[in-house]
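Dear colleague,

Please find below the structure that I am handing over to you. My findings follow directly after it, arranged by topic.

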Amino acid sequence: ASTAHAATVFAPIDAAYATTLRQAAERAWQYLAANPGMLPANGSDGGNLAAAPAGGNTGMDRRLRVLAAAELWRLTGNATYKTYFEANYKQSALAE
């Protein structure tokens with residue numbers, strides 16, 4: 001979500017950098033689409049560092065995916081992101 005938002009912010013300032021950010025955001029979404037569950041499932045990388053913030057869980061993962069879809073939809077206008085957002089928004093706890 002942050003990278004897609006940054007692409008929107010930088011577009012009028014530095015178009016080349018905005019394009020790089022957009023491409024990175026879309027590649028990140030491709031990863032998320034290929035891995036629909038939180039990875040790793042418990043939020044830990046197996047070592048001493050957490051891959052997700054303390055308290056990371058599948059609900060947080062879902063909310064972040066919905067936010068990423070919203071930012072990508074705003075950035076690209078691609079219906080794929082809109083469809084994901086609409087299908088998952090109510091279950092994400094963002095609707096509360």
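I begin with helix α2, whose face turned away from its buried side carries the exposed residues A16, R27, Q30 and A34. Please bear in mind throughout that this is a predicted model.

Helix α2

Helix α2 is made up of 20 residues. From its first C-alpha to its last it reaches 29 Å, close to the 28 Å expected at 1.5 Å a residue. Its buried residues are A18, L21, A25 and W29. Viewed down the axis of α2, these buried residues fall within an arc of 80 degrees, and they therefore line one face of the helix. As for their partners, the buried residues of α2 pack against α1 (2–10), α3 (58–76) and α4.

Aromatic pairs

The count of aromatic pairs comes to 4. In one of them, the ring centres of W29 and Y81 are 5.6 Å apart and the ring planes stand at 85 degrees; because planes over 60 degrees apart count as edge-to-face, this pair is classed as such. W29 belongs to helix α2 (residues 15–34) and Y81 to helix α4 (residues 79–88), so the pair ties together parts that are 52 residues apart in sequence. Both W29 and Y81 are buried. Ring pairs also bring in Y84, which is linked with W29 and Y81 into a cluster.

Helix α4 also contains K82. With a relative accessibility of 31%, K82 counts as partly exposed. The C-alpha atom of K82 is separated by 6.8 Å from that of A69, and these two residues are 13 residues apart along the chain.

Salt bridges

Side chains of opposite charge can pair when their charged atoms come close. In this model the count of salt bridges comes to 4, and I describe some of them here, going by helix.

In helix α2, the side chains of E26 and R22 meet in a salt bridge, with an N to O distance of 3.6 Å. E26 and R22 are 4 residues apart in helix α2, so about one helical turn separates them. E26 counts as partly exposed, at 21% relative accessibility. R22 is likewise partly exposed, its relative accessible area being 33%.

Helix α3 holds both D61 and R65, which lie 4 residues apart, about one turn of the helix. A salt bridge joins D61 to R65, and their closest N and O atoms are 2.7 Å apart. Are these two residues, D61 and R65, buried or exposed? Both D61 and R65 are buried.

A further salt bridge is formed where the side chains of E71 and R74 meet, at 3.0 Å from N to O. E71 and R74 are 3 residues apart in helix α3, and about one helical turn therefore lies between them. R74 has a relative accessible area of 49% and is partly exposed; the range for that class ends at 50%, so R74 does not count as exposed.

To draw the points on W29 together: this residue is among the buried residues of α2, it pairs edge-to-face with Y81, and it is part of the ring cluster with Y81 and Y84.

With kind regards

Technical notes. Residues numbered from 1 in each chain as written. Predicted model: local features only at pLDDT ≥ 70, side-chain atom pairs only at ≥ 80, totals over all residues. Heavy atoms only, no water. Phe/Tyr/Trp six-rings, centres within 6.5 Å; stacked < 30°, edge-to-face > 60°. Helix = DSSP H or I, 4+ residues; strand = E, 2+ residues; numbered from the N terminus. Buried < 20%, exposed > 50% of the residue type's maximum accessible area, 1.4 Å probe, protein only. Expected span 1.5 Å × (residues − 1). Arc of directions from axis to C-beta. Contact = heavy atoms within 4.5 Å.
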